[in-house]
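This report describes selected features of one structure, taking its pockets, its metal site and part of its sheet in turn.

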Amino acid sequence: MRKFIIDTDIGSDDAAALIMAMKNPEIDILGITTIGGNIPLENTTRNALQVVEECKKEIPVYKGADKPLKRDLVTAGNVHGKDGMGDKGLIHPTRKAEEKNAVDFILETVKKNPNEIEIAVLGPVTNIALAIIKDRETMSKVKHIWSMGTAGFGKGNMSPVAEFNVFVDAESYDIMLNSQIPVTIAGFDLCLGDASFTPEELTELAKTPLGKFITDCNSTRLKFNEEITGTPYVDLPDAVAMATALYEDVITEKIEAYCYCCTKEEATYGQVIIYDISKPYTVTYNIPKTNTTVIKTIDVDKFKSYLKEALK
Ligand code: BDR
Ligand code: CA
C-alpha cells in the first residue's frame, strides 16, 4: 500500500483534496501536517482536524511552521473565508493536534520508512524546506513529493507570474526544487476552465453530506471568483493535484523539466521558470539537470468523477 503524508494549509480546496485522499482505500495516510498559508496555522490545524472528523478517520494531525522561512506570512482569507472554510460555522473539532512538531514527524516517518513515503504538499512548502535543512540525508529518502504549486504554463494568481503557494515562500520552494527529491508539479494552469465547477455542478455535488460540506467550505471562493471575473465558479487546485498523485490516468501529458524558482527580485518573486529540456533554447540558461516532472494536461472528466466518487 502506498504511504502518504499530506502537508496542507487547509483551506477550502485543500479540504476537497484531503477528502479525496482519505476516501481512497488504496493509500495509507500516516499523518497530516499543517502550515500557515491560506489562513494562519491555528486555523489550518483546526480545519484539518475537522475534515478528518468529517471523514470519520483517526489520522493524526501535526502542526508545522506558522510563517515562511524569510518573509512575513501572506494569507488569502478573501478567497477562502476568515476561517478558511467559507465562514459557515463548520469548524468545531473535538480532537487536538499531536504534541510533536510536523517537521519532526516528517523526518521520523521517513527514517522509519526509507524510500516509501510520498508527500502531497498542498500549500507553501516551508515544512518540507525545514525538514531538508534539518536533515537532508533523511529527506533524500522521500520517495516522491506531489506539489500543488507554480503557475504551470499559465498565469499566476498572485502576480502575473507567481502562484500563491510559491509566492508565500519562494525560498522554501527553491530549497525543495534543489533537494534532488523526485517532485511532480501540478500548476495552477491545470485547475481553471473545464476543471473548475459551475454553480450547477456544485448543486449536484452538494447532494451528499460530504459534497454539501465541500460546497459550503468553498462558498467564499465562489463569490470571490465571481467578483474578480464576472463568472461564478469554484476551482479546486489542491483536489486536482491530489487526483494526479492518486490516479495515474488523470495525467494525460507531462514533461521532464528543470525548474528554477525566482527569489531575488520583487517583480518575479515566486515565479517558477520551467525549462522543457526536450526544447532547444536559443539563449540557454545553465541547466544542471532535470529536477521535476511538470504536468501539462489532465483528463478533466476523470478528475471530476474521482472527486464525485470520494464525496459520495
Ligand atoms: C493554491 O493556493 C491556495 O489558495 C489553494 O489552497 C491552493 O493550494 C492555489 O494557488
Ligand atoms: Ca492549499
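## The largest pocket

In this predicted model, helix α11 (219-229) gives the most to the lining of the largest pocket, with 5 residues. The elements that give two or more residues to this lining are α11, α1 (12-22), α3 (77-80), α7 (164-168) and α12 (237-246). The lining consists of 28 residues, and the volume of the pocket is about 430 Å³.

Five residues lie nearest the centre of the largest pocket: Val79, Asn157, Phe188, Arg221 and Phe224. Sorted by class, the lining has 12 nonpolar residues, 9 polar residues and 7 charged residues.

## The second largest pocket

The second largest pocket holds about 180 Å³ of space. Helix α2, which spans residues 41-54, gives the most to its lining, with 4 residues. The lining residues are Glu42, Thr45, Arg46, Leu49, Lys63, Lys96, Ala97, Glu98, Glu99, Lys100 and Asn101.

By class, this lining divides into 7 charged, 2 polar and 2 nonpolar residues. Among the lining residues are Glu42, Arg46 and Lys63, and each of these three counts as charged.

## The calcium site

Which residues coordinate the calcium ion (ligand 2)? The donors come from Asp9 (OD), Asp14 (OD, listed twice), Leu122 (O) and Asp238 (OD), at 2.2 to 2.6 Å. Along the chain, these donors follow the spacing D-x4-D-x107-L-x115-D. Aspartate 9 lies in the loop between β1 (2-8) and α1, whereas aspartate 238 lies in helix α12, so the pair ties together parts that are 229 residues apart in sequence.

Are these two aspartates buried or exposed? Aspartate 9 counts as buried because its relative accessibility is 0%, and the cut-off for that term is under 20%. Aspartate 238 also counts as buried, at 2% relative accessibility. Helices α1 and α12, named here in the setting of the two aspartates, are also among the elements that give two or more residues to the lining of the largest pocket.

## Strand β2 and its neighbours

Strand β2 covers residues 27-34 and is mostly covered, with 6 of its 8 residues buried. On one side of the account stands its pairing with β1, which is parallel and extends over 7 bridges. Within that pairing, arginine 2 stands opposite isoleucine 27 in β2. Strands β1 and β2, together with α1, make a right-handed β-α-β unit.

Strand β2 also runs parallel to strand β3 (residues 61-63), to which 3 bridges join it. Threonine 33 stands opposite tyrosine 62 in β3. A right-handed β-α-β unit is likewise made by β2, α2 and β3. The helix of this unit, α2, is the one that gives the most to the lining of the second largest pocket, and Lys63, a residue of that lining, falls within the range of β3.

## The loop between α11 and α12

Valine 234 is found in the loop between α11 and α12. With a relative accessibility of 1%, valine 234 counts as buried. Serine 196 is 38 residues away from valine 234 in sequence, while the two are 5.6 Å apart in space, C-alpha to C-alpha. Both helices that flank this loop give two or more residues to the lining of the largest pocket.

Definitions and conventions:
Residues numbered from 1 in each chain as written. Chains lettered and ligands numbered in written order. Predicted model: local features only at pLDDT ≥ 70, side-chain atom pairs only at ≥ 80, totals over all residues. Heavy atoms only, no water. 1 Å grid on protein atoms, 1.4 Å probe; cavity = no way out; pocket = protein on both sides within 12 Å on 5 of 7 lines; lining within 4 Å. Points joined across faces, edges and corners; volume = space filled by probe spheres on them. Donors = N, O, S within 2.8 Å, 3.2 Å for Na, K, Ca; no water. Buried < 20%, exposed > 50% of the residue type's maximum accessible area, 1.4 Å probe, protein only. Pairing = 2+ DSSP bridges. Right-handed = clockwise from strand over helix to strand, strands pointing away.
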